[in-house]
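Hi,

Here is the structure I promised to pass on. Have a look through it first, and my notes follow underneath.

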Amino acid sequence: MKQDYTLELESDNNFSVLNRIINILNRRRVRIKKMMAHENESDFRRGGVIMLLHTTADMMDRVKDQLEKLIEVDKVAFYEGSGKYVDLIEQVVDVD
Amino acid sequence: MDALLTKTESKTAAPVKKQITGAEVLLRCLVAENVKTIFGYPGGAIMPVYDALYHYADQLEHLLVRHEQGAIHAAQGFARATGKTGVVFATSGPGATNLVTGLADALIDSTPLVCITGQVFAHLLGTDAFQEVDVINTTLPATKWNVQVAEAKDIPNAVAKAFYIAKTGRQGPVLIDITKNAQNELIDEFEYKSCEKIRTYRAKPELQQTQVQAAAQLINNAKRPYILAGQGILLSEASAELKAFSEKTGIPVACTLLGLGCFPTDHPNYVGFLGMHGNYGPNILTNECDVLIGIGMRFDDRVTGNVSKYAKQAKVVHIDIDKAEINKIIKTEAFVHADAKEALKALTVACNKNTHAEWIDKFTKLNGTEYEKVIHHEFNATGEIKMAEVIHQLSNLTKGEAVVVTDVGQHQMVTSRYYKLKNPRTHITSGGAGTMGFSLPAAMGAKVGVPEKQVVAVIGDGGYQMTVQELGTIMQYKIPVKILVLNNNFLGMVRQWQQLFHGKRYSFTEMENPDFVKLAQAYNINAAKVEKREDLKSAIQTMLDSKTSYFLEVVVGKEDNVFPMVPAGAGVGDVLLEAPANR
């Protein structure tokens, strides 16, 4: 059954890294409801993405494994529902 | 070698500083990575690199192919035959996009490549300049990693990372796109440092003993265990470890298409080739084993057939270096996320000595049924020559010791079934991508990589014509590769499906072919054609005995089919030994 998931990802902030992340979702037809990408305030060479996705639990497991394979990606986590999405966005905005 | 494309700047009271171009920096990096062979094709945006290459002919052998697709398949063949990373040069725009098929093929088949493409000047990026294509985004889904370099100083680090990424973890293709200004730019001489670690990249998982013990417990308690061996065995050079594991535990081994060669076909524990056109026993007994052990394989749909009917009774143990493959298709009871060699060593220690003679005998009996119903007829046919007997002869005459490089289609399945491989890295084919046109350039690259071995390209008449231009490369560099075309004047596998599943409507699969012998001769390649069975053996022997490249066309039955076959959508247990009566 499909539901909302919040995806949190940390990576190097290279050209095309966002495309690589989106490509993994697009290829598997995972719906992106909301998204925020950011450089880290303390180090512009690192960054992150916070996404609200709508898909199945099985697909989230697969997407996580694929994202972790990306060379520049450091850390991937996901949470059920949209509540965490708002929290994470606020954390980034507060830092900025 | 002294820097050739240098500029010396002398300042008062300062040491003399030598500078070299980005193009030469690249070549020095390749030399430092122990690259000896490059397959490529020049063009405007990579001309500085080719200009520098002119001076490096004593250190870097470059083979000028006839099409960039030929270059990348040649590099794939080279990599698969040698275990080294294949290197490709191409220019921007169409030169780079012509690599895409090979990149996708290498990605799915885990082949280590480093491809260097030239790119327009950095200030022209995004202006739709001549031969400008967004190569990074075009190749992004078809590479393990890619990077654009716009300054010469960044070239060494990019090359070091590229070789490290291509050859570690689950191996794969990497592309470096270098703008022309970066190739021309002068920078100070440098000291090359190979890459040993990337902060965000986990190249090799650490073997977890808890995973090994959980897997070993299932294996030790199994009554009917069964190993599916994939290319991961070859990539981690674990053939000896697989043999030791199988011999200690008594577990039968079947190979996937890309795993062929990782376990000797004449070993008593070898039970056959898996998959859609695999052997009868390995397919049927997938649904009777109690523990299924997949090693370095990814449960491809050509192996599993209909997943909902696949090994439902079995507890599955999956060993793979790529965590994303574990539980992707088949849910596992236990897994070992590790390099196959390390995992097999640990499992051999953790598993009990055992025998499974009765269980192996079941494979033998089912394979005997296949022999009676299929193979016996293929080898003792009258009338038109069968593909199977050609490969059977080739296998006998080479004692199973040649490197066979196949394309995609019926001839590929027949070769996989009937060529009795004995050694690792002697079977090269396009597996996951199923790329027609792969074989001829891949065989060429393989022969360049292992010149001491007999290399035979086995190709259908359709795939041969997709990259036939590489006969020019074979001619120019006198590459003594043998080319065996099985000609049925059809796109045979598509025709077989049209016959069996589309009411025998042969929609655009029949081909009118040129005179292949004359075509080869036009490239100064000795050539012959066989149409009669009595001439077959001597014709193959003549081909094998040739010291130069040789082309042999064998005219085979137009409407021969490959059986056994697991029909699309069926389970492996539904494997057919012959066509249904009404087809």
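B:T37 sits in strand β3 of chain B, which covers residues 37-40. Keep in mind as you read that this is a predicted model. With a relative accessible area of 8%, B:T37 is under the 20% cut-off, so it counts as buried. As for what surrounds B:T37, leaving aside residues up to four places away in sequence, it touches B:E61, B:L63, B:F78, B:V87 and B:V448.

Now to where the two chains meet. On the chain A side, 16 residues are in contact with 20 residues of chain B. The size of an interface is often given as the accessible area lost when the parts come together. Here chain A and chain B bury about 1600 Å² between them, and 42% of that is on carbon and sulfur atoms.

What holds charged partners opposite each other? Six salt bridges are found across the interface of chain A and chain B. One of them pairs A:D58 with B:K331, where the closest N and O atoms are 3.3 Å apart. There are also ten residue pairs in polar contact between chain A and chain B, counting pairs with both residues at pLDDT 80 or more.

Which parts of chain A supply this side? At least two residues each come from α1 (17-27), α2 (57-69) and β4 (73-80) of chain A. The most comes from α2(A), which gives six residues. By type, the side of chain A that touches chain B has ten charged, four polar and two nonpolar residues.

Cheers

Conventions. Residues are numbered from 1 along each chain as its sequence is written. Chains are lettered from A and ligands numbered from 1 in the order in which they are written. This is a predicted model: local features need pLDDT of at least 70, side-chain atom pairs count only at pLDDT 80 or more; totals for chains, interfaces and linings use all residues. Side-chain values use heavy atoms; hydrogens and water are left out. Contact means heavy atoms within 4.5 Å. Buried area is the accessible area (1.4 Å probe) that two parts lose on being put together, summed over both. A salt bridge is a side-chain nitrogen of Lys or Arg within 4 Å of a carboxyl oxygen of Asp or Glu. A polar contact is a pair of N or O atoms within 3.5 Å; within protein, one must be able to donate a hydrogen and the other to accept it, and residues adjacent in sequence count only if both atoms are side-chain atoms. Helices (H or I, at least four residues) and strands (E, at least two) are DSSP runs, numbered from the N terminus. Ala, Val, Leu, Ile, Met, Phe, Trp, Tyr, Cys and Pro count as nonpolar, Asp, Glu, Lys and Arg as charged, and the others, Gly among them, as polar. Buried means under 20% relative accessible area, exposed over 50%, partly exposed in between (1.4 Å probe, protein chains only).
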